[in-house]
Amino acid sequence: MKQINLFDLTIEEVGVSTVFQLSQHVKIKSPLLEEGTEEDYYYLMSFANKIGEIICIHESMARNSYTVQFNDGLTGIFYAEDLLK
């Protein structure tokens, strides 16, 4: 089996599919218990179906995360797969 060097992968190969922009309004998906951990599930449930604005983008080689601020003053950090346009 050939070992993969992460530094040789392109963005498409790593799996970054959706790109969001600063100040874009997004909706948080409702999580499925089968996907991810219980901690992820309960964290996402507290934000499920809320609409907020992206206020910060945390760039990473593997996958970006986004800080989203909601009208009630709460903020959360999410991966692209947790967000809807």
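Leu-83 sits in strand 5. In this predicted model, Leu-83 is buried, with a relative accessible area of 4%; the cut-off for buried is under 20%. Strand 5 covers 83-84 and is an edge strand of the sheet. The chain as a whole holds two helices and five strands.

**Leu-83 and its surroundings**

- Leu-83 touches Phe-20, Val-26, Lys-27, Ile-28 and Lys-29, and also Tyr-66, Val-68 and Phe-78, leaving aside residues up to four places away in sequence.
- Among these partners, Val-68 stands opposite Gly-76 of strand 4.
- Asn-49 is 34 residues from Leu-83 along the chain, and their C-alpha atoms are separated by 9.5 Å.

**Overall layout**

- Along the sequence the elements run α-β-α-β-β-β-β.
- The chain has 85 residues, and buried residues make up 26% of them.
- Take the contacts with a separation of 6 or more: residues 24 or more positions apart account for 47% of them.

**The sheet**

- In general, the strands of a sheet pair through backbone hydrogen bonds, in a parallel or an antiparallel way.
- Here five strands form an open sheet, in the order 4-3-2-1-5.
- The pairing in this sheet is antiparallel.
- Strand 4 and strand 5 are the edge strands, and each pairs on one side only.

**Strand 3 and its two neighbours**

- Strand 3 spans residues 65-70, and five of its six residues are buried, so the rest of the structure largely encloses this strand.
- On one side, strand 3 pairs with strand 2 (residues 51-58) over six bridges, in the antiparallel sense.
- On the other side, strand 3 pairs with strand 4 over five bridges, again antiparallel.
- Which residues does Thr-67 pair with? Cys-56 has Thr-67 as its bridge partner in strand 3, and Thr-67 in turn has Ile-77 as its partner in strand 4.

**Hairpins and the loop at Asn-64**

- A hairpin links strand 2 to strand 3 through six residues.
- Asn-64 belongs to the loop between these two strands.
- A polar atom of the Asn-64 side chain lies 3.1 Å from the backbone nitrogen of Ser-60.
- Beyond residues up to four places away in sequence, Asn-64 touches Ile-57, His-58, Glu-59, Phe-78, Tyr-79 and Ala-80.
- The hairpin of strand 3 and strand 4 has four residues between the strands.
- In that second hairpin, Gly-73 takes a positive phi near 95°.

**The largest pocket**

- What volume does the largest pocket have? It is about 380 Å³.
- The lining counts 18 residues, and those closest to the pocket centre are Glu-35, Asp-40, Leu-44, Glu-81 and Asp-82.
- Helix 2 (38-45) and strand 4 (75-79) each supply at least two lining residues.
- Which element gives the most to the lining? Helix 2 does, with five residues.
- By class, the lining has eight nonpolar, seven charged and three polar residues.

**Gln-24, ahead of strand 1**

- Gln-24 lies in the loop between helix 1 (11-14) and strand 1.
- The side chain of Gln-24 reaches the backbone nitrogen of Gln-21 at 2.9 Å.
- Setting aside residues up to four places away in sequence, Gln-24 touches Gly-52, Glu-53, Ile-54 and Lys-85.

**Leu-33, after strand 1**

- Leu-33 is found in the loop between strand 1 (25-28) and helix 2.
- Is Leu-33 buried, exposed or partly exposed? Its relative accessible area is 47%, so Leu-33 counts as partly exposed; the cut-off for exposed is over 50%.
- Met-45 is 12 residues from Leu-33 along the chain, with 9.9 Å between their C-alpha atoms.

Methods
Residues are numbered from 1 along each chain as its sequence is written. This is a predicted model: local features need pLDDT of at least 70, side-chain atom pairs count only at pLDDT 80 or more; totals for chains, interfaces and linings use all residues. Side-chain values use heavy atoms; hydrogens and water are left out. On a 1 Å grid over the protein atoms alone, a cavity is a set of points where a 1.4 Å probe fits but cannot get out, and a pocket is an open set with protein on both sides within 12 Å along at least five of seven lines; lining residues have an atom within 4 Å of a point. Grid points are joined across faces, edges and corners, and a volume is the space filled by probe spheres set on the points. Ala, Val, Leu, Ile, Met, Phe, Trp, Tyr, Cys and Pro count as nonpolar, Asp, Glu, Lys and Arg as charged, and the others, Gly among them, as polar. Buried means under 20% relative accessible area, exposed over 50%, partly exposed in between (1.4 Å probe, protein chains only). Two strands pair if DSSP finds at least two bridges between them. A polar contact is a pair of N or O atoms within 3.5 Å; within protein, one must be able to donate a hydrogen and the other to accept it, and residues adjacent in sequence count only if both atoms are side-chain atoms. Contact means heavy atoms within 4.5 Å.
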